[in-house]
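Got your viewer open and a hand on the mouse? Let's take a walk through this protein, one selection at a time.

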Amino acid sequence: MSHGSADEQWLPVLDVGAYLAGEPGALESLAAELRAACEGVGFYFLENTGALLPEQVVRDMLAASHAVHAAPTAVKEALYLDRADSGYMPIGSNTRWGSDGQPPLPVYEGVNEGYLLWGYGPPWVPEEHQLETLEDNQWPDEAALPGFSAAITTYTRAIDALATAMLPVYAVALEQPADFFDGKFTEPCWCLRLNHYPPNADRVELGIPPHADGDFCTFLLQDDLPGLSVLRSSDNEWVQAPTRGEYSLLVNSGEKLQIYSNGLFPSTMHTASSIDPSRGRFSTPFFWSPNNDLIVEPLPEFVSEERPSQYEASVSGFVYSSGRKEDVDTYGGTGDDRADTFALPQREAGDTEDARANTFALPRRDKTSKL
Ligand SMILES: [Fe+2]
């Protein structure tokens, strides 16, 4: 069942089939569509991806996500986030260091539970403690969740391949040679997050507060239940994003693209919540960034006298901190503070969705060092 609406037209749909098949001219035409999408709302649907992301791989991943969130509490407790923020994150909790380390600094997580996996990250963790490969992450026992590891591994490899295949398209959209990103994603920093927004009867609680992504771009696999809202650039209105069919892949620009394009490809503000009282919503963002030590700065093609550079050069893995550097400095503690990680957020009186949105102004560009 589709929940599409009259607003559906404002989200472009990019068919990647001809490009993945290597048809002549497909790269250039897809890059032109991508540029229009990135200059506009900053979100687009990516379709006809079966050559790299087969339908069965998506179905198996979604089934695995349903399974882990439906698992007994004891199974999930055994998988609580480890020191690299890999594993199960309960409702109302926060990642160990991370969730307020990404611009524009959400102050707490909302009504959403997740399972997180990392590659070359998290970027806010000292390099010697970062997870490099899928295998380094925290995984459930096969007996507790049969097939989970295989399904998630297969999906992660597929979405990573699709993201990599899109790099020449992004390069051309940025007026660069198709191989511009060669060597820049050899150790890509990524995060796969299996989200579950439980049924929401009162529609008061936010699932994830308004924010803009700090990565290069995000590949969001969502099921048929809408829940994502986007701050539409054309009229500055919060608008609910549609879904397309049983599941759909929505891609949005992150901060690195915003910097490369000198602000022309915005990292658009968005928020997500459960809006259905009868069933939960499942979504799986794949956050995708270049090598953590890559210097990112506005490309010369996007800087002119009329449009001066808006951003200083910065290290891709740099995390805009909200004053929690002391937490990072004490990384490597005993782990006994784990309970604190899962303290429920404190809500202020009169803390409405609108008020929260106003607290998430774009980050200042006055820091250039890597934590
Ligand atoms: Fe996001």
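Before the first stop, a word you will need: a strand here is a DSSP run of at least two residues marked E, and strands are numbered from the N terminus. Keep in mind, too, that what you are looking at is a predicted model.

**Stop 1: the whole chain.** Show everything as a cartoon. You should find 10 helices and 14 strands in the protein chain. The chain has 371 residues, and 45% of them count as buried. Take the contacts between residues at least 6 apart in sequence: 79% of these join residues at least 24 apart.

**Stop 2: a strand and its leucine.** Select residues 247–253. This is strand E10, and leucine 249 sits in it. Is leucine 249 buried or exposed? The cut-off for buried is 20 or more other C-beta atoms within 10 Å; leucine 249 has 22 such neighbours, so it counts as buried. Now add its contacts, skipping residues up to four places away in sequence: Phe45, Leu46, Thr49, Phe219 and Leu221. Try drawing a distance from leucine 249 to leucine 221, C-alpha to C-alpha. You should get 4.5 Å, although the two are 28 residues apart in sequence.

**Stop 3: the core.** You just met Phe219 as a contact of leucine 249. Which residues have the most contacts inside the largest nonpolar core? They are Phe219 and Leu34, and that core has 78 residues. Its largest share, 7 residues, comes from helix H5, residues 148–165. Click on leucine 34 next. Leaving aside neighbours within four places in sequence, leucine 34 is in contact with Leu14, Val169, Tyr170 and Ala173.

**Stop 4: two helices crossing.** Keep H5 on screen and add helix H3, residues 55–70. Their axes come within 8 Å and cross at roughly 135 degrees. That angle makes H3 oblique to H5, and the crossing is left-handed. Show side chains where the helices meet. From H3, pick Val57, Asp60, Met61, Ala63, Ala64, Ala67 and Val68; they meet Phe148, Ala151, Ile152, Thr154, Tyr155 and Ala158 of H5. By type, the residues of this contact are 11 nonpolar, 1 polar and 1 charged.

**Stop 5: alanine 70.** Stay on H3, which also holds alanine 70. Alanine 70 has 12 other C-beta atoms within 10 Å, so it is exposed. How far is its C-alpha atom from that of histidine 196? The separation is 9.9 Å, for two residues 126 apart along the chain.

**Stop 6: a cis peptide bond.** Go to the loop between strand E4 (113–119) and H5, where you will find proline 122. Zoom in on the bond from glycine 121 to proline 122: this peptide bond is cis, with omega near -5 degrees.

**Stop 7: two asparagines.** Finish with a pair of loops. Asparagine 236 lies between strand E8 (228–232) and strand E9 (237–240). Its phi is near 60 degrees, a positive value in a residue other than glycine. Asparagine 262 also has a positive phi, of about 55 degrees, and its loop runs between helix H7 (255–260) and strand E11 (270–272). Which of these is buried, and which is exposed? Asparagine 236 has 8 C-beta neighbours inside 10 Å and counts as exposed, whereas asparagine 262 has 20 other C-beta atoms within 10 Å and is buried.

Note on methods. Residues are numbered from 1 along each chain as its sequence is written. This is a predicted model: local features need pLDDT of at least 70, side-chain atom pairs count only at pLDDT 80 or more; totals for chains, interfaces and linings use all residues. A nonpolar core is a set of buried Ala, Val, Leu, Ile, Met, Phe, Trp, Tyr and Cys residues joined through C-beta atoms within 7 Å. Helices (H or I, at least four residues) and strands (E, at least two) are DSSP runs, numbered from the N terminus. Two residues are in contact if their C-beta atoms, placed from the backbone, lie within 7 Å. Axes are lines fitted to C-alpha atoms, for helices over the stretch in contact, and angles run from 0 to 180 degrees between N-to-C directions. Angles under 35 degrees count as roughly parallel, over 145 as roughly antiparallel, 65 to 115 as roughly perpendicular and the rest as oblique. A crossing is left-handed if the near helix is turned anticlockwise from the far one by less than a right angle, and right-handed if clockwise. Ala, Val, Leu, Ile, Met, Phe, Trp, Tyr, Cys and Pro count as nonpolar, Asp, Glu, Lys and Arg as charged, and the others, Gly among them, as polar.
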